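Q: Please take a close look at one part of this predicted model: the surroundings of its largest pocket, and how the helices there pack against one another.

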Amino acid sequence: MQPRNMSMSGVVDLAAVKAAGEAKAKAEQARAESARQGGTPAVAPSALVIDVDEAGFERDVLQRSAEVPVVIDFWAEWCEPCKQLGPLLERLAVEYSGRFLLARVDVDANQMLMQQFGIQGIPAVFAVVAGQALPLFQGAAPEAQIRQTLDQLVQVAEERFGLTGIPVDPDAAQGEPAEVPAGPYDALLEAAMSALDAGDMAGAVQAYKNVLADDPGHPEAKLGLAQAELLARVQSLDPAEVRKNAADNPADVTAQIAAADLDLVGGHVQDAFGRLIDAVRRTAGEDRDAARVRLLELFEVIGSDDPRVTAARQALASALF
């Protein structure tokens, strides 16, 4: 993918629209409030790079953009150029020492944000300054060009909005010490397995959720929950009826989703993935999003390291873009 012109015209034009004045006023109000509360505390260099999702976008990007320009890196695990650009942006975020904040957005998990920004391909890089979104560039690009773009962004943010960034303490601790999980979770995990053996899918789902409530990243519980939810969905299905319905109604996304669940439970992993990718390719709107979300859920059942998941992610990207 060739990078687009690294033009900053969007930033320059921002000062000419009414929204710019409103954004500047909001930024000034936010800085005044921060000053009343003692100012923005210094952060560790590691805090200059954050992962952002749809739920935290307003807090982590829009609100923070009133004190520092936020550069958004839209990426995905399957995107090779992303693997080159991402580490470069992270290094520059630390080097620029608080003059901008880097927010990483995984497009596979945050399709709504990708649509809202009108992204047609990745990697794609935007900035948000005082609540205003600005396109920077798309695709991989030479470091010199990226530095030039960031320099212009920082200059405009300071001159037009008074955003001088956030203070950084290179000697600060790299975040709070990790909390020790509340486990061990042997009893809860054993309860989940016992529920699965007894056919109590609701009980298994709840047991795994109890583990994740204390330790959201627990790998065994995450995998178990994805599997239990899948089994719960197919428990009451009539396989013959579901497959006939899917064959008779290829445009019915609900029918294809149900058949994909059965495919996966039956061990036909690639059939399940292919069915949903075809549904994504043929549909639009809510139907397309439903097929995409279910496909991502099935990825969780198999595991992100499985080569079949990697191949399906690439096929999904092709279907979406």
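A: A good place to begin in this predicted model is the pair H13 and H14, whose axes come within 10 Å and cross at roughly 165°. Because that angle is over 145 degrees, H13 is roughly antiparallel to H14, and the crossing of the two is left-handed. On the H13 side the contact is made by Arg288, Arg292, Leu295, Leu296, Phe299 and Ile302, while H14 brings Arg308, Val309, Ala312, Arg313, Leu316, Ala319 and Leu320; sorted by class, this contact has 9 nonpolar and 4 charged residues, with no polar ones.

H13 also meets H9, where the axes come within 8 Å and cross at roughly 125°, so these two helices are oblique to each other. This crossing, too, is left-handed, and the contact joins Leu223, Ala226, Gln227, Leu230 and Arg233 of H9 to Arg294, Glu297, Leu298, Glu300 and Val301 of H13. Its make-up by class is 5 nonpolar, 1 polar and 4 charged residues.

As for the largest pocket, about 960 Å³ of space lies in it, and among its 36 lining residues those closest to the centre are Lys222, Leu296, Phe299, Glu300 and Arg313. Leu296 and Phe299 are also part of the H13 contact with H14, as is Arg313 from the H14 side, whereas Glu300 belongs to the contact of H13 with H9. At least two lining residues come from each of H4 (80-95), H5 (111-116), H9 (219-234), H13 (285-302) and H14 (307-320), and the lining by class has 15 nonpolar, 7 polar and 14 charged residues.

Definitions and conventions
Residues are numbered from 1 along each chain as its sequence is written. This is a predicted model: local features need pLDDT of at least 70, side-chain atom pairs count only at pLDDT 80 or more; totals for chains, interfaces and linings use all residues. Side-chain values use heavy atoms; hydrogens and water are left out. On a 1 Å grid over the protein atoms alone, a cavity is a set of points where a 1.4 Å probe fits but cannot get out, and a pocket is an open set with protein on both sides within 12 Å along at least five of seven lines; lining residues have an atom within 4 Å of a point. Grid points are joined across faces, edges and corners, and a volume is the space filled by probe spheres set on the points. Helices (H or I, at least four residues) and strands (E, at least two) are DSSP runs, numbered from the N terminus. Ala, Val, Leu, Ile, Met, Phe, Trp, Tyr, Cys and Pro count as nonpolar, Asp, Glu, Lys and Arg as charged, and the others, Gly among them, as polar. Axes are lines fitted to C-alpha atoms, for helices over the stretch in contact, and angles run from 0 to 180 degrees between N-to-C directions. Angles under 35 degrees count as roughly parallel, over 145 as roughly antiparallel, 65 to 115 as roughly perpendicular and the rest as oblique. A crossing is left-handed if the near helix is turned anticlockwise from the far one by less than a right angle, and right-handed if clockwise. Contact means heavy atoms within 4.5 Å.
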